[in-house]
Amino acid sequence: MKNPRKPKNLLHVRSQKLWQRLKSAYSELRNRFPSDRLPAWLALRGSDRRKRVLMVLGALGLVMLGTLMWMALWLQQTGVLHLDESRLTVIIDYKHSDNSLVFDRNGEKIGEFFSDYHVFVPFDKIPKPLIEAVLAVEDRHFFEHYGIDLRGIMRAFLASMRSRGFTQGGSTITQQVVRNFLLSPEKTFERKIKEAILAIQLERHLTKEKILEIYLNALFLGQGAYGVGAAAERHFGKPLQELETHELALIAGLFQSPSRYNPHKAPDQAKRRQKQVLKAMVQAGSLTADAHKVARKKPLVFKTQNQLNTTFAPYFVDAVQEQTEKLLTGDVRGRGLRIHTTLDVHLQEDVNKVIEQSKDIFDGAASKLVNVPKGTPKIVETAAVVLDHKTGDVLAIVGGRDYDRSQFNRVLKAKRQPGSSFKPVVYALALQSGMKWSDMFYVGPVVIQDYRPRNYAGEYLTEATLFAAFYRSINSPVIEIGYRLGTKRVIDLARKMGIKTELKNQAGTLLGGSEVTPMDMASLYATIGNGGVQVDPRMILKITDRDGTVLYSAPQPPKKPKRILPEQINYLLTDAMRGVFKYGTASQFGEMGAYAGGKTGTTDEAKDNWFCGITPNLTAVVWVGTDNNLAFSGTVAANTLALPIWAKIVHKARKRYPADEFVVPEGIKTLKVNPHFGHLDPSGIDMSFIEGREPKRMESALSVVRETGNFRDFLDR
């Protein structure tokens, strides 16, 4: 029986196999290289050769082991081995910044709110040529590697060794995203190791498409633009989807160095970079040679983007921002909101032109300013607002003549005395209390609570009907009526009709002595224009996020509208406002009485000049004056300043918003009445009455007294 064989030593077996492999490699080396070309120590034979080779290999092994131990200690000290994947949450949960956009009622963009300029473009909306261009120059193997590109690293390493410093990054797009969000830009070996490890980790959490979407939307590309969508707007003045290949190539070239290749500051360098990108696209197979030739020759036309917020309706856009921040609580910039407003940008442009073309009116008024303090500029300002009084939609706003000079929105924030434009409130209350337009008043000086109002044009010691007092803007009857009815009742009605600003409980308020804003007056007149039904001005219709989720929607009109003035009373007031054009202080635009009604308002020394009025579907208010409440001399008044501007605005607005005639409610009669004494008179003027309250007298004894030149006191009814 044979003795069993001893088991072979495993280490001995492995060393034998290793030796056989080394011998095989050495033999192949000798076959490739003649012995006379090898170093002497490799040419040795026998056991010496074997010993020396083993010694060399052992030395190399020790060196490698020491190097690995040193690297392990270094990585341990720098924390690279303990990189927490939770740091990637910043990228994984990244919500793209996006400008909040403002649109007019027809969907035209009129404004945007941002801190840094972002225009988010989802991956599936990014033009394919742009993706191909970026990959061609930044990371040609992006869809093949797992976060790092070994070929790129080796290429960068060799370049750095030749130059004895970091000259090429060799970073993939994933590494660039990591560096941009998590690491510093300094070129160190430690940062590169961290960058590589985090890039590999990131690719386990996000798809290639998502990483590329972040990269294309988040990085700075010059001119304050972040991302390719913003770069398209800032460099070419148009949306990304409208750019052609030669333009997209330029944007792709900006990722390497947005400052060096900024086309607005270095157009020649930008063009050279664009050519490099186009050539890289050919090499990558994403652009044909023929297409390359065409793209190279196409000119690059750069445009500086206009400041959209100040282009169409700067005062309106500012107001929308303030209101949105109140509605949604907090800063709206960069939140990607889509704010849909009531503004009609085309009507707004019409109003802007009217203001610009009224320079002669403003300049003429400025020449008539008096008692101007030394060093105070003679600047006449204005405010204008147009709204649809059926819905309350604000269609146009001009808060001042020059937004660059002053961003103060006078429509919403300037508190000025409305003068006689406030009188419709007093007359509305009088008509509700049973008075009628044919009631006659003796016009004389009036003193109430030490308040002594003057009549415009100094009209005293004469007779006038209530109707004539309205269209001629005579003050005395208004003070008498208002005092009799009660100032507090007048103020309460004014609040119900739309005045939000606090009114003073004093006699001067009856003649517009309390300060209000132009929007207050627009709201008041809108109630009259809407048939006596309350309407609240609004500027925002809807707010959504960029995905379309509704965050705010304007309240729907109530099923039962809040009526402030009875329909018949409201029509009587509307008819008197039309009489202002036909017979009164706006008679230079008499033809407008066929489709419009309104009221002038001029305060003492013409410091404030108003015209507030309505058409069957629109309300418009214009104010003219100075910010520091300066006085005017001469013939300056509302009908020479505010009225002409109002007439031009309404003329343009009616073309865009045509309407039928004013609706006459049932129970209204129109009769010819003497404007002085209130009796029926075939040669008189048209006055409207509620059936059963119309005048019956066919003549007045006072007309004889008037003709003889004798006057008598007229006592209250």
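What share of the contacts in the protein with a separation of 6 or more comes from residues 24 or more positions apart? The share is 68%.

## Overview

This model is predicted. The protein has 717 residues, and 50% of them are buried. It holds 24 helices and 18 strands.

Two sheets, two nonpolar cores and a group of helices are described below.

## The antiparallel sheet

One open sheet has five strands, in the order β8-β7-β15-β14-β13. Its pairing is antiparallel. Strands β8 (393–398) and β13 (597–602) are the edges. Each has a single partner strand, so one side of each has no neighbour in the sheet. From one strand to the next, the twist averages 10 degrees.

Look inside the sheet at β7 (residues 381–388) and β15 (residues 618–625). These two run antiparallel and are joined by eight bridges. Ala383 has Trp623 in β15 as its bridge partner.

Helices pack here too. Helix α14 (residues 345–357) touches β7 and β8. The direction of α14 makes about 30 degrees with that of β8. Helix α21 (residues 518–529) lies across β7, β8, β13, β14 (608–614) and β15. Against β14, helix α21 runs at about 30 degrees.

## The mixed sheet

Another open sheet of five strands follows the order β2-β1-β5-β11-β12. Here the pairing is mixed. The edge strands, β2 (109–113) and β12 (550–553), each pair on one side only. Ignoring direction, neighbouring strands are turned by 15 degrees against each other on average.

Strand β1 (residues 100–103) runs antiparallel to β2, and four bridges join the two. Val102 stands opposite Gly111 in β2. Helix α13 (residues 314–328) packs on this sheet. Its contacts are with β1, β2, β5 (338–341), β11 (540–544) and β12. The direction of α13 makes about 60 degrees with that of β11.

## Nonpolar cores

In soluble globular proteins, nonpolar side chains tend to be buried together. Which members of the largest nonpolar core touch the most other members? They are Phe316, Ile397, Trp437, Ile645 and Trp646, out of 130 residues in that core.

Take Ile645. Setting aside neighbours within four places in sequence, Ile645 is in contact with Val354, Ile355, Ser358, Ile361, Phe362, Val622 and Val624. A second, separate core has 50 residues. Among them are Ala218, Ala231, Ala232 and Leu250.

## Helix α4 and its cover

Helix α4 spans residues 128–138. Its buried residues are Leu130, Ile131, Ala133, Val134, Leu135, Ala136 and Glu138. What covers them? The cover includes helices α6 (173–182), α8 (208–218), α9 (228–236), α10 (245–253) and α11.

## Helices α11 and α12

Two packed helices are described by the angle between their axes and the distance between the axes. Helix α11 (residues 267–284) packs with helix α12 (residues 289–297) at about 170 degrees. Their axes are 10 Å apart. The angle is over 145 degrees, so α11 is roughly antiparallel to α12.

Which residues meet in this contact? From α11 come Lys271, Gln274, Lys275, Leu278, Lys279 and Val282. From α12 come His292, Ala295 and Arg296. By class, the contact has four charged, three nonpolar and two polar residues.

Notes. Residues numbered from 1 in each chain as written. Predicted model: local features only at pLDDT ≥ 70, side-chain atom pairs only at ≥ 80, totals over all residues. Heavy atoms only, no water. Axes fitted to C-alpha atoms, helices over the stretch in contact; angles between N-to-C directions. Parallel < 35°, antiparallel > 145°, perpendicular 65-115°, else oblique. Contact = heavy atoms within 4.5 Å. Nonpolar A, V, L, I, M, F, W, Y, C, P; charged D, E, K, R; others polar. Buried < 20%, exposed > 50% of the residue type's maximum accessible area, 1.4 Å probe, protein only. Core = buried A, V, L, I, M, F, W, Y, C linked by side-chain atoms within 4.5 Å. Pairing = 2+ DSSP bridges.
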